[in-house]
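Work through the exercises below with the sequence and the model open beside you. Each task is followed by a solution that goes step by step.

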Amino acid sequence: MDILFAQIQADLRSNDALRQSGALLQALQQSAAGRDISVIAKSAVEEIVASPASAVSKKLAFDLIRSTRLTTDLWETVCTGIHNDLEFPDPDVTAAAVSILAAIPSYRLGKLITDSNKEISRCFDSLSDNLRFSITETLGCVLARDDLVTLCENNINLLDKVSIWWIRIGDNMLDKADNVAKVAFESVGRLFQEFESKRMSRLAGDKLVDSENSVAIRSNWVSSMVEFVWKRRNALMARALILPVESFRATVYPLVYAVKSVASGSLEAFRKLSSSSKKTATGTVDSTKAERFVGVSDVVTHLAPFLASSLDPALIFEVGINMLYLADVPGGKPEWASASIIAILTLWDRQEFSSARESIVRAVVTNLHLLDLSMQVSLFKRLLLMVRNLRAESDRMHALACICRTALCVDLFAKESVRRGQKPLPGTDIASLFEDARIRDDLNTVTSKSLFREELVATLVESCFQLSLPLPEQKKSGMESRVIGALAYGTGYGALNWTEPALEVVEVCRPCVKWDCEGRTYAVDCYLKLLVRLCHIFDTRGGVKRVKDGASQDQILNETRLQNLQRKLVNDLLEVNTPRIAARLIWAISEHIDLEGLDPLLADDPDDALNIIISKIHKILFNADSSATETNKLQDIQAVLLCAQRLGSRNARAGQLLTKELEEFRADPLTDSVNKHQARMILQRIKYVSSHSDDKWAGVSEGRGDYPFSHHKLTVQFYEASAAQDRKLEGLVHKAILELWRPDPSELTLFLTKRADTTSLKIPPNAYTLTGSSDPCYVEAYHLSDPSDGRITLHLKVLNLTDIELNWVDIRVGLSGASYFMDGSPQAVRQLRDLNSQEPVLCSVTLGVSHFERCALWVQVLYYPFAGNDIPGNVGDYAEEDQQIIKQKRTAKPELGDPVIMRCQPYKIPLTELLSPHKISPVEYFRLWPNLPAMVEFTGTYTYEGSGFKATAAQQYGSSPFLSGLKSLSTKPFHRVCSHIIRTVAGFQLCFAAKTWHGGFLGMMIFGASEVSRNVDLGDETTAMICKFVVRASDAAIIKEVGSDLQSWCDDLTDGGVEYMPEDEVKVAAAERLRISMERIAILKAAQPPPKSPKVEDVNDDDDEDSDDDKKKEDGKKKHKGPTTLFELTPEEVEHRALQTAVLQEWHALCKDRNAKVK
């Protein structure tokens, strides 16, 4: 291998272009095989990049550089070589040099662009197509990136140059060469995309925190390019048409984005954001509404033929998606959307496009609301079957959520149109939309292999619940405005208009109660919850209201439908296949059924509703063969007993029948004692109600509209597949529904809507000083973390405090812990040049984190006070010098001299930075908690100022003062699951949940109890809080890392607010506390008046004797056999009682104070 490398290096040193390119190709092969070629890269930089060579060799050398790591010195050489090549007479060499600009590290890019801006600008005017192509492509990639925006923010000259280059790239869209025009379109499209999504910046590893300036700079570029495209749109469309058809796809997005921005008014918003809003306040695009609409129509006319005539699926998809984007503008026509959707749907059957089925469905369902009603209805059934065949769960759930929302939209909109006197459109009600034969069969079969029907029912029901909430406000017109408009139009007529589609949903999904879902109950639970809510709203207990009661025709119709549905469900009770569901269905029906409306003549008929319910209750109470996995027998019997109590106390006949059942249940030998007692109590209640039939007790057993069941189970001791599937399905449904109905606004929308309110801007964190007070350089640092990409960026600010100008300063950053540099090198070096006195210079380092472990960055500053002196003996210029000496002179560096090395304090990354908040319900949290395998407990203390007890008891609202030591927890990446605060004794329990960046779960509970210290200083009490921290995690490595340094974990959590106490100190403090409590109890007892009864002995100070007295008294009452330890108080109990006594005493004092104030 060494021989091969030596051969390659020898070839690189030769001046023969053919040998050089052959050697570079061999080196690239070695690199692709995974071998370390940094030695060859060094030769390539020195022999080819920094020296004159052919364009091919240059291009290959740059490819080699991209595939390996370079030291900072070599990057300096590369930058010098590029600067020289930009002035080279051969345009192909210049094109090669331009292409590497995108790979230059961020910290070196700004200086290179500033130094070479004239040469770069000159490339745009070159006659060579290749050079114009290269400069347009490279700058299109580089200028859209975050790191360049940040450089422009700190350098006004650079900003002006970049703004001019964007205009030049725009002009190139009309270039005579096809490849240049195509790449210019791509570059402008990239700028627009980056403004919306920042995808490229993420890939480049420099997704930074936006400041107001950086958003202003980027929006300035975007608004200028949008104006350019809008003004020249006709020329650009004509240019796009004469491009080769395979290049046409690149021209679609920039045109559509710009035209849509002008037509929808976003351009004004961009201008507001941009820093030049003062200059362009008058506006250069003064287009009327008509002109805007004509502009949009022109673009649609330009694109439409490609939908019908193109053979390339990717082009059809691109054009279709962009036409849908345009159909949304004010005045957009449904025909534009329908043409696109039909074209996109034709791709479904194309074999070569089958891998993109998820994209096709997502595109169609997201834009369904742009179509007219009849088109939506005709597409509906086909879409349901398409969604059913999707493989990816998240795509399927998103599509289902869109389809269910559209169904509700169509139904509401059609009903409201009929109310307003329009002709009814057939097939718009929910029953018709879901009446497809396959879907109907799926809903009506008892067992099914697929989960699709459960997903469908759950999503439909959850969508109804979303509809019952207030609709989200619309800040500006967008993709969602039409949906919300349609829903508002349908529900605006009355507050309960959402109940009409919900009633249809309940009718359509009725067969779900008969399903056998292998133990899964989530979908049926959702269904019954909606049913109970509707029965409560329409008050089905009171029967159908009449016109003379003030009911409208609609209400009478709806209530009659709901009564009929209840009767059908009662008949379905006999066919319920999941035992768990039977008890829940009985609850849902018996709570809300109209018992008074039943026909008394049919009392003996087995088909009478009440008889069916009671026979089912009998089956559940006497179900002997239930296995634990299929039923939840304890819960089922409890539910049925409660139903029996409520039914029996509501109706005399029900009371008589249930009394008989409950008597049998009590007499049954298999019934346990708890249930027997409960049955006895229920019987007494029913008997009391029946004997006082004239007393109407209002509100005793009225329906509340709640559904007290759930598929969640607390602390499951055995793994249950069905419960796990239920939880997974619930997570998927909720995520899809919330993303659709209540989406989080994007960063851009936040900037547009809250420009005055700077909370939308992330505040840069506090910077830490890493140097001492007498050091010649001042270094401060802060870090920004990006959990989505698992990266941390360290930002350093270096200030030269000496009086001399430092020509050369190296910043070296080393690592410890689980971090690594993005390029894989062991340390990062940043070379700073020309540090003037007292002038701050910024630089940054990005690193990745491989697993959950403490990380630290070690910074060294090397500065060369004697840098810049030439090498002695190399002075003099001779006319006839050897070629080799000239080359040596060119590569010879000036002598640096000895560096002065200054080591800084390590910069520690807090362990909490590697966590992100994990939203979880309290039920789910407590279900997980006992099953987490790894645990660590420790105690911490902090002091809060306050006047003891009054500070806690009297403070009824706002944050409790005794939580002051933990207040910084609110800024940490934890989700606060729940909290329980006991103000009277200044105690609390807080529960937090988080996930590590790498997927591990971490739960933390903090228990706190306050103690008031008696060393009163100047009349104010200092109060100490003792906290018990319990941390559990899904992985032992996480707990090991937390437990390795508990004090630093406390500091990370509370920013130094809590001090860790070792266990032995805790025990000593507890013993001391107990002693003080005992003394207090003794004083209290001594102060009590002596008891009058002569039999009782004198009260002793010693508490142990006191507990013996208790024992004697107890012995008098009960004859104990043998010794017992039942009544000996433990130290903890003694302490607890003492605490209670102290609290009551303080409370009495507080009440006396209050009374005195009142008087």
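**Exercise 1. Which residue of S2 stands opposite Thr769?**

Solution. Thr769 stands opposite Glu780, which belongs to strand S2. The wider setting is that strand S1 (residues 768-769) is joined to S2 by two bridges, and these strands run antiparallel; two strands are said to pair if DSSP finds at least two bridges between them. Strands here are DSSP runs of E with at least two residues, helices are runs of H or I with at least four residues, and both are numbered from the N terminus. The model is a predicted one, in which local features need pLDDT of at least 70 and side-chain atom pairs count only at pLDDT 80 or more, while totals for chains, interfaces and linings use all residues. Residues are numbered from 1 along each chain as its sequence is written, and side-chain values use heavy atoms, with hydrogens and water left out.

**Exercise 2. Follow S2 to its other neighbour, and then place both strands in their sheet.**

Solution. First, take strand S3 (residues 791-800), which is joined to S2 by 10 bridges in an antiparallel arrangement. One of the pairs to look for is Ser785 with its bridge partner Ile792 in S3. Next, look at the hairpin that S2 and S3 make, where four residues lie between the strands and Gly790 takes a positive phi near 65°. Then widen the view: five strands form an open sheet in the order S1-S2-S3-S7-S5, with antiparallel pairing. S1 and strand S5 (819-821) are at the edges and have a single partner strand each, so one side of each is left without a neighbour in the sheet. For S5 that partner is strand S7 (residues 840-849), to which three bridges join S5 in an antiparallel way, and Phe821 stands opposite Leu847 in S7. Finally, consider how S2 (residues 777-786) sits in the model: seven of its 10 residues are buried, so the strand is largely enclosed by the rest of the structure. Buried means under 20% relative accessible area, exposed means over 50%, and partly exposed lies in between (1.4 Å probe, protein chains only).

**Exercise 3. Which helices cover the buried residues of H32?**

Solution. Begin with the helix itself: H32 (residues 609-621) has 13 residues and reaches 19 Å from its first C-alpha to its last, close to the 18 Å expected at 1.5 Å a residue, where the expected span is 1.5 Å times one less than the number of residues. Of its 13 residues 10 are buried, so H32 is largely enclosed by the rest of the structure; among them are Leu610, Asn611, Ile614, Lys616 and Leu621. The covering elements include helix H30 (553-572), helix H31 (579-590), helix H33 (633-650) and helix H34 (652-667), judged by contact, which means heavy atoms within 4.5 Å.

**Exercise 4. Describe how H19 and H20 pack against each other.**

Solution. The axes of helix H19 (residues 313-327) and helix H20 (residues 334-346) come within 8 Å and cross at roughly 155°. Axes are lines fitted to C-alpha atoms, for helices over the stretch in contact, and angles run from 0 to 180 degrees between N-to-C directions. The two helices are therefore roughly antiparallel to each other, given that angles under 35 degrees count as roughly parallel, over 145 as roughly antiparallel, 65 to 115 as roughly perpendicular and the rest as oblique. The residues that make the contact include Ile316, Phe317 and Gly320 of H19 together with Trp336, Ala337 and Ser340 of H20.

**Exercise 5. Where do Gln838 and Asp1055 lie, and how accessible is each?**

Solution. Gln838 is in the loop between strand S6 (828-835) and S7, and has a positive phi of about 60° although it is not a glycine. With a relative accessible area of 48%, Gln838 is partly exposed. Asp1055 is found in the loop between helix H42 (1046-1054) and strand S17 (1059-1061); it too is not a glycine, yet has a positive phi of about 50°. Asp1055 is exposed, at a relative accessible area of 52%.

**Exercise 6. Is Asp85 buried or exposed?**

Solution. Asp85, which lies in helix H5 (residues 72-85), counts as buried at 5% relative accessibility. Leaving aside residues up to four places away in sequence, Asp85 touches Val49, Lys58, Val93, Thr94 and Ala97.
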